[in-house]
Amino acid sequence: MNKVLVSRMNIEPSIRKGIRELFKIFKDRIRDIEWNKDLSSIVLEIILDKEDKTLKLLRRPQMVFELGKGAYRIEFKTSITLRKRLESYAVIIDLTGKERVIKTGRVPVEQALWTTVLGVNSLKCNCPDNIFNTIRALRGLREINRELARIVDYAGVFDKYSICKHTLYALGLGIGIHGVKPYIKHIDAIWAQIISLGVYYYTTRGKKLSKETRVSLNKYIRELLEKHNLLK
C-alpha cells in the first residue's frame with residue numbers, strides 16, 4: 001500500500017482535539033472501579049504527566065504518513081538529534097595526502113527518528129520509553145494477578161498496544177480525525193496498561209494492594225481485554 005504524506009499543519013487542530021479527548025476518557029475512567037485513594041492519585045499523576053508530554057510533541061519536527069483509512073505512521077525527530085548533529089561520515093585528505101574517512105556529528109542514525117505506527121489492530125513505537133513501560137506494566141499486573149500477567153505477556157497485548165508519548169500522540173491523531181469509535185480497542189488496551197503502571201509505581205513506593213483491590217482490578221482488566229478478544 002502506498003503511503004501518503006499528510007500535512008501536519010492542516011491536521012494539527014484535529015490532533016490537539018484528539019489528544020484532549022483521549023486523556024479526558026482516561027481521567028473519567030478513574031471513577032470506573034473501586035480502588036484506594038493513593039492508587040487513584042498515582043494513576044492520575046501518570047495521566048497528567050503523559051498528557052503534558054504528548055501535547056508538547058506538537059512542537060516536535062515530525063512526518064505523518066497515512067497508511068490506510070484510520071492507520072498512520074509518524075516519524076518523530078528525537079530530542080537528542082535536535083540537540084546534537086546527526087552522525088554522518090566524510091572523506092578528507094589528511095596532511096600526508098592520504099584519504100581518510102571521519103565521523104561527523106554525534107547521534108547514530110538509529111537514534112535519529114522514533115517511528116510510531118497506529119494500525120487497525122496495533123499501536124507501536126520503537127522508542128526506549130515504550131519498552132520500559134511495557135516491562136513496568138507487566139510487573140504491575142503481576143502484583144494484581146500473576147496468571148493474568150502471564151496470559152497478557154504470552155498474548156503480547158502490551159507489545160501490540162504499547163504506551164509512550166509517541167503512541168498516545170498517534171492515537172490522539174486518529175481520534176481527532178476519525179473519532180473515538182474506530183479506536184475503542186486501542187483505548188481499552190492502553191487503559192489496562194496505565195492501570196498496571198499505576199500499580200507498579202504504587203508497589204515501588206512500599207505500598208501493598210489489599211485483597212479487595214486485587215480482586216477488583218483483576219476482574220476489571222480481564223473483562224476490558226476479553227471484550228476485544230485480546231487474551232487469545
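In the predicted model, glycine 176 touches Ser14 and Gly18, residues up to four places away in sequence being left out of the count. Glycine 176 belongs to helix 7, which spans residues 165-178. The separation between glycine 176 and serine 14 is 162 residues in sequence, but their C-alpha atoms are 4.5 Å apart in space. With a relative accessible area of 18%, glycine 176 is classed as buried, because the cut-off for that class is under 20%.

The protein as a whole contains 9 helices and 7 strands. Buried residues make up 49% of its 232 residues. Among contacts with a separation of 6 or more, 72% are between residues 24 or more positions apart. The exposed area of the protein is about 12,700 Å², and 51% of this area is supplied by carbon and sulfur atoms.

Threonine 116 is located in strand 6, which runs over residues 113-118. Its relative accessible area is 0%, and threonine 116 is therefore buried. Leaving aside residues up to four places away in sequence, threonine 116 touches Tyr72, Arg73, Ile74, Phe76, Lys124, Cys125, His166, Thr167 and Ala170. One of these contact residues, arginine 73, also takes part in a salt bridge with glutamate 75, with an N to O distance of 2.8 Å. Both partners of that bridge, glutamate 75 and arginine 73, are buried.

Salt bridges number 14 in the structure. Side chains of opposite charge can pair when their charged atoms come close. One such bridge joins the side chains of lysine 27 and glutamate 51, with 2.9 Å from N to O. Lysine 27 is part of helix 1 (residues 8-29) and glutamate 51 is part of helix 2 (residues 37-56), so this pair ties together parts of the protein that lie 24 residues apart in sequence. The two partners fall into separate accessibility classes: lysine 27 is partly exposed at 29% relative accessibility, whereas glutamate 51 is buried at 7%. The side chains of glutamate 51 and lysine 27 are also joined by a polar contact of 2.9 Å. Arg20 belongs with Lys27 and Glu51 to a network of salt bridges. When residues up to four places away in sequence are not counted, glutamate 51 touches Arg20, Phe23 and Lys27.

A further salt bridge is found between lysine 219 and glutamate 223, whose closest N and O atoms are 2.9 Å apart. Both residues are in helix 9, where a spacing of 4 residues places them about one turn of the helix apart. Glutamate 223 has a relative accessible area of 43% and counts as partly exposed.

Helix 5 covers residues 146-155, and its buried residues are Leu148, Ala149, Ile151, Val152 and Ala155. These residues lie on the same side of helix 5, because the arc they cover around the axis is only 160 degrees. On the face turned away from this buried side, helix 5 carries the exposed residues Arg146 and Tyr154. The cover over the buried residues of helix 5 includes helix 4 (128-144), helix 6 (157-160) and helix 9 (211-226). Helix 9 thus appears both in the cover of helix 5 and as the site of lysine 219 and glutamate 223.

The residues next to helix 5 were also examined. The N-terminal end of helix 5 is capped by asparagine 145, which has a side-chain oxygen 2.9 Å from the backbone nitrogen of glutamate 147. Glycine 156 follows helix 5 and has a positive phi, near 70 degrees.

Helix 4, part of the cover of helix 5, is also the location of phenylalanine 132. Together with Ile131 and Ile135, Phe132 makes a nonpolar surface patch of about 270 Å². Phenylalanine 132 is partly exposed, at 42% relative accessibility.

Note on methods
Residues numbered from 1 in each chain as written. Predicted model: local features only at pLDDT ≥ 70, side-chain atom pairs only at ≥ 80, totals over all residues. Heavy atoms only, no water. Buried < 20%, exposed > 50% of the residue type's maximum accessible area, 1.4 Å probe, protein only. Helix = DSSP H or I, 4+ residues; strand = E, 2+ residues; numbered from the N terminus. Arc of directions from axis to C-beta. Contact = heavy atoms within 4.5 Å. Polar contact = N/O pair within 3.5 Å; in protein donor to acceptor, adjacent residues only side chain to side chain. Salt bridge = Lys/Arg side-chain N within 4 Å of Asp/Glu carboxyl O. Patch = residues over 30% accessible without salt bridge, like charges linked within 9 Å, V, L, I, M, F, W, Y side chains within 5 Å. Areas by Shrake-Rupley, 256 points an atom, 1.4 Å probe, with all protein chains shown as cover.
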